[in-house]
Amino acid sequence: MQAWQPAGGYRAGVDAVLLAASVPGLPGETALELGAGAGVASLCLAARVPEMAVTAVERDAGYAGLARRNGAAHGDKLEVVEADLAALPEVVKARRFTHVLFNPPYFDRTRGPASPDAAREMAMGEETPMEIWVDVAARRLAPGGWLTVIHRAERMPELLAALVNRGGFGGAAVLPLVARAGRTASRVIVQARKGGRAEARLLAPMVLHEGPLHERDGEDYTAEVRAILRQGAPLTRFL
């Protein structure tokens with residue numbers, strides 16, 4: 001599968017694919033991605049579960065246009081809505097979804113400088129607080145629906161607090177992502193259920209690359225990651 005992305009600025013990568021692979025989607029269910037960018041995660045999810053209706057919300061006109069183009073190039077798999085997630089239109093607010101997913105801006109700009117690239121800053125520099133992302137997701141989810149998020153590991157306490165305090169989520173499962181065995185996790189995938197009552201779980205880390213160091217040119221993803229990236233396999237660690 002191929003996707004159009006901007007020549008400069010922020011472009012989706014492995015994180016978007018891993019996020020989509022983590023959603024436990026089934027035929028006939030619905031999914032909403034908040035802050036979808038060019039729609040890469042939504043497109044990956046729609047390709048893996050063709051019978052799922054996927055809606056992608058993106059506030060930037062340029063990225064929303066790319067998401068539409070990507071959806072059209074793959075059989076009109078995506079419904080793209082150009083809107084700010086904090087001010088969703090009625091066409092989205094009137095509906096409930098089985099799944100909500102998002103890959104929010106990673107960096108709290110009260111703790112660091114902005115990027116000089118405007119498009120990259122919009123994608124990577126947080127403007128909308130985490131509590132709003134979680135609150136919007138909770139309102140759009142059907143009872144028992146699933147929220148799946150990928151974020152930087154240092155933002156995990158803030159995300160987990162928002163799930164409990166603003167979203168009414170339970171049974172959160174946290175999957176640490178480590179570049180290589182023995183290293184500290186740089187990112188986490190968190191999945192929780194609206195109204196869930198299961199206990200929280202910290203899963204064994206998922207290692208992305210083989211070997212302790214990158215010693216040669218070329219790809220060195222682990223077999224599990226290669227299956228997700230190249231064959232569209234689901235990420236089953238949460239099951």
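**Entry 1: Lys 93 and its partner**

I started with Lys 93, which is partly exposed at 38% relative accessibility. This is a predicted model, so I read every value here as computed. Lys 93 shares a salt bridge with Glu 90, at 3.9 Å from N to O. Both belong to helix α4, and because they are three residues apart there, about one helical turn separates them. Glu 90 is exposed, with a relative accessible area of 55%.

**Entry 2: more salt bridges**

How many salt bridges are there by this rule? I noted twelve salt bridges. Glu 79 and Arg 95 make one of them, at 3.0 Å from N to O. Glu 79 sits in strand β3 (residues 78-82) and Arg 95 in the loop between α4 (90-93) and β4, so this pair ties together parts 16 residues apart in sequence. I found both partners partly exposed: Glu 79 has a relative accessible area of 29%, and Arg 95 comes to 28%.

Next I looked up Arg 180, which bridges to Asp 220 with the closest N and O atoms 2.8 Å apart. Arg 180 lies in the loop between β8 (169-178) and β9 (187-194), while Asp 220 lies in the loop between β11 (206-207) and α8 (223-231); the two are 40 residues apart and link distant parts of the chain. Are these two buried or exposed? Arg 180 and Asp 220 are both buried.

I also marked a network of salt bridges that links Arg 59, Asp 84 and Glu 127.

**Entry 3: rings**

I then turned to the aromatic side chains, where the count by this rule is one aromatic pair. Phe 102 and Trp 133 form that pair, with 5.1 Å between centres and 45 degrees between the planes, and it is tilted. Why does this pair bring separate parts of the chain together? Phe 102 is in strand β4 (residues 97-102) and Trp 133 is in helix α6 (residues 130-140), so the pair ties together parts 31 residues apart in sequence. Phe 102 is buried at 0% relative accessible area. Trp 133 is buried as well, with 6% relative accessibility.

Another ring caught my eye: the charged end of Arg 69 sits over the ring of Trp 4, 3.6 Å from its centre.

**Entry 4: nonpolar cores**

Which residues touch the most other members of the largest nonpolar core? For this core of 37 residues I wrote down Leu 18, Leu 45, Leu 175, Ile 189, Met 206 and Leu 235. At least two core residues come from each of α1 (14-22), α2 (40-48), α3 (61-73), β3, β8 and α8. I followed Leu 235 further: leaving aside neighbours within four places in sequence, its contacts are Leu 18, Ala 21, Ser 22, Leu 175, Ile 189, Met 206 and Ile 228. A second, separate core has 29 residues, including Met 130, Val 136, Val 149 and Leu 159.

**Entry 5: strand β9**

I finished with β9, which is mostly covered, as six of its eight residues are buried. Strand β7 (residues 141-152) runs antiparallel to β9, and seven bridges join them. Here I found Thr 148 with Gln 191 of β9 as its bridge partner. β8 also pairs with β9 in the antiparallel sense, over seven bridges. Across from Arg 187 in β9 I found Leu 177.

Methods. Residues are numbered from 1 along each chain as its sequence is written. This is a predicted model: local features need pLDDT of at least 70, side-chain atom pairs count only at pLDDT 80 or more; totals for chains, interfaces and linings use all residues. Side-chain values use heavy atoms; hydrogens and water are left out. Rings of Phe, Tyr and Trp (its six-membered ring) pair if their centres lie within 6.5 Å; planes under 30 degrees apart count as stacked, over 60 as edge-to-face and the rest as tilted. Helices (H or I, at least four residues) and strands (E, at least two) are DSSP runs, numbered from the N terminus. Buried means under 20% relative accessible area, exposed over 50%, partly exposed in between (1.4 Å probe, protein chains only). A charge sits over a ring if NZ of Lys or CZ of Arg is within 6 Å of the ring centre and within 35 degrees of the ring normal. A salt bridge is a side-chain nitrogen of Lys or Arg within 4 Å of a carboxyl oxygen of Asp or Glu. A nonpolar core is a set of buried Ala, Val, Leu, Ile, Met, Phe, Trp, Tyr and Cys residues joined through side-chain atoms within 4.5 Å. Contact means heavy atoms within 4.5 Å. Two strands pair if DSSP finds at least two bridges between them.
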